[in-house]
Amino acid sequence: MKIEWAPLQVPLQRRLQIMVTAFFTWSFFLLPIISVIIVALLFIYGSLFLRALIVLYLIYSYFDHKRTYSAMDGNGWMINRTNSIYRNYRNYFPVELVKTADLPANRNYILASFPHGILGTGICINMGLDITKWLELFPKIRPKVGTLDQHFQTPILRELLRWWGLVSVSKESLVYFLTKSNDPEHKDNRDGFTSNAVAILVGGAQEALDSHPGRYILTLKNRKGFVKMAIRTGSSIVPSISFGEVDIFNQVANPPDSILRKIQDFVKKFTGISPLIPVGRGFFNYTFGFLPHRRPIVQVVGSPIDVLKSSQPDPAYVEEIHAKVMTELEQLFDKYKEKYIPDSKNIKLIIQ
């Protein structure tokens with residue numbers, strides 16, 4: 001294998017972008033484990049006072065999650081949602097956000113987001129870490145990103161995710177955010193915002209297993225829970241495609257019949273997490289490593305699909321709305337792929 005080395009003379013700004021990207025990439029991969037290790041070490045080797053604090057924190061975290069689903073209302077502290085550090089992370093790729101239709105702030109939204117990729121980087125930056133662009137394009141709408149509920153049961157990790165605008169994707173958490181009042185006079189809207197938009201990476205861990213450069217393989221045909229949630233809460237569904245998301249990482253070949261895929265499927269079944277083996281670039285080479293490649297990601301936000309609210313969604317109506325989502329995604333992909341995918345002629349959207 002021939003190694004392609006990075007040049008030694010690189011502008012300081014690009015070096016800074018690499019360092020920030022390395023921090024966030026490794027954080028997303030390792031924080032769940034590191035958080036548990038830190039708490040365990042502090043409990044084992046800390047003073048009696050420190051141990052007592054840890055016990056109180058764990059008790060508080062447990063009951064707070066049971067009571068509020070670890071929800072953070074509003075946008076939180078804006079310094080945690082937009083700053084120069086996060087912009088360096090955005091500019092590394094860079095990550096862009098494209099609006100195709102207005103989203104009125106008089107209702108709540110589910111952003112049905114695809115593809116998952118390895119980490120869902122585009123969504124996490126646009127709607128989590130650096131929301132300045134989102135607020136410019138979609139004023140008065142609070143952006144949220146849904147992730148696994150178990151992350152909010154992990155000490156330390158839960159606090160970071162809440163600061164970054166991530167929320168639990170559990171049914172109870174989604175209902176909490178998607179049934180919030182849109183009345184400007186309501187006490188929950190004292191921050192000047194009247195709407196919540198929760199991005200859900202519908203394909204989840206299964207879709208991540210199929211993530212390879214140039215392959216837009218969506219896990220959607222049998223994923224209808226988000227449609228039912230939209231109908232129960234009266235939330236509009238907004239299809240969203242992040243072009244380039246699959247290109248920033250490759251992963252070790254894992255065709256469906258391979259031993260590796262069988263192991264990954266086994267672990268996913270019991271943990272909800274796909275044990276991926278990503279292949280990116282390194283600090284000083286472009287051939288291998290665990291850093292994402294510096295390739296653009298463009299999140300294109302489609303038009304809202306309105307639904308009729310019902311506490312008991314009719315199966316036929318669920319199928320109808322689900323079919324609309326698939327059609328909208330296909331049309332969105334075909335309309336913008338030539339603009340945002342290099343050599344797009346032979347790249348097709350596969351929905352499975």
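Colleague: In which sense do strand β2 (residues 109-114) and strand β7 (residues 236-243) pair?

Modeller: This is a predicted model, where local features need pLDDT of at least 70, side-chain atom pairs count only at pLDDT 80 or more, and totals for chains, interfaces and linings use all residues. Residues are numbered from 1 along each chain as its sequence is written, and side-chain values use heavy atoms, with hydrogens and water left out. Phe-114 stands opposite Ile-241 in β7. Six bridges join β2 and β7 (strands are DSSP E runs of at least two residues, numbered from the N terminus; pairing needs at least two DSSP bridges), and the sense is parallel.

Colleague: Which strands are the edges of the open sheet of seven strands?

Modeller: Its order is β1-β10-β7-β2-β5-β3-β4, with mixed pairing. An edge strand pairs on one side only. Here the edges are β1 (95-99) and β4 (166-168).

Colleague: Which residue of β10 stands opposite Ile-241?

Modeller: β7 and β10 pair in the antiparallel sense over four bridges. β1 and β10 run parallel, joined by five bridges. Val-98 stands opposite Val-300 in β10. Opposite Ile-241 in β10 stands Val-300.

Colleague: How many of the five residues of β10 (residues 297-301) are buried?

Modeller: Ile-297, Gln-299 and Val-301 point one way, Val-298 and Val-300 the other. Both groups are buried (under 20% relative accessible area, with a 1.4 Å probe and protein chains only). The strand is mostly covered, and its buried count is five.

Colleague: Which two residues touch the most other members of the largest nonpolar core?

Modeller: That core has 44 residues (a core is a set of buried Ala, Val, Leu, Ile, Met, Phe, Trp, Tyr and Cys joined through side-chain atoms within 4.5 Å). Apart from it lies another core, of 40 residues, including Leu-220 and Tyr-336. Beyond four places in sequence, Trp-134 is in contact (heavy atoms within 4.5 Å) with residues including Leu-97, Leu-111 and Ile-141. The two with the most touching members are Leu-111 and Trp-134.

Colleague: How are α1 and α3 oriented to each other?

Modeller: Helix α1 (residues 12-45) packs on helix α3 (residues 84-92), with axes 8 Å apart (helices are DSSP H or I runs of at least four residues). Their angle is about 95° (taken from 0 to 180 degrees between N-to-C directions, with axes fitted to C-alpha atoms over the stretch in contact). The contact includes Phe-24 and Phe-28 of α1 and Tyr-89 of α3. Angles of 65 to 115 degrees count as roughly perpendicular, so α1 and α3 are roughly perpendicular.

How values were computed: Angles under 35 degrees count as roughly parallel, over 145 as roughly antiparallel, 65 to 115 as roughly perpendicular and the rest as oblique. Buried means under 20% relative accessible area, exposed over 50%, partly exposed in between (1.4 Å probe, protein chains only).
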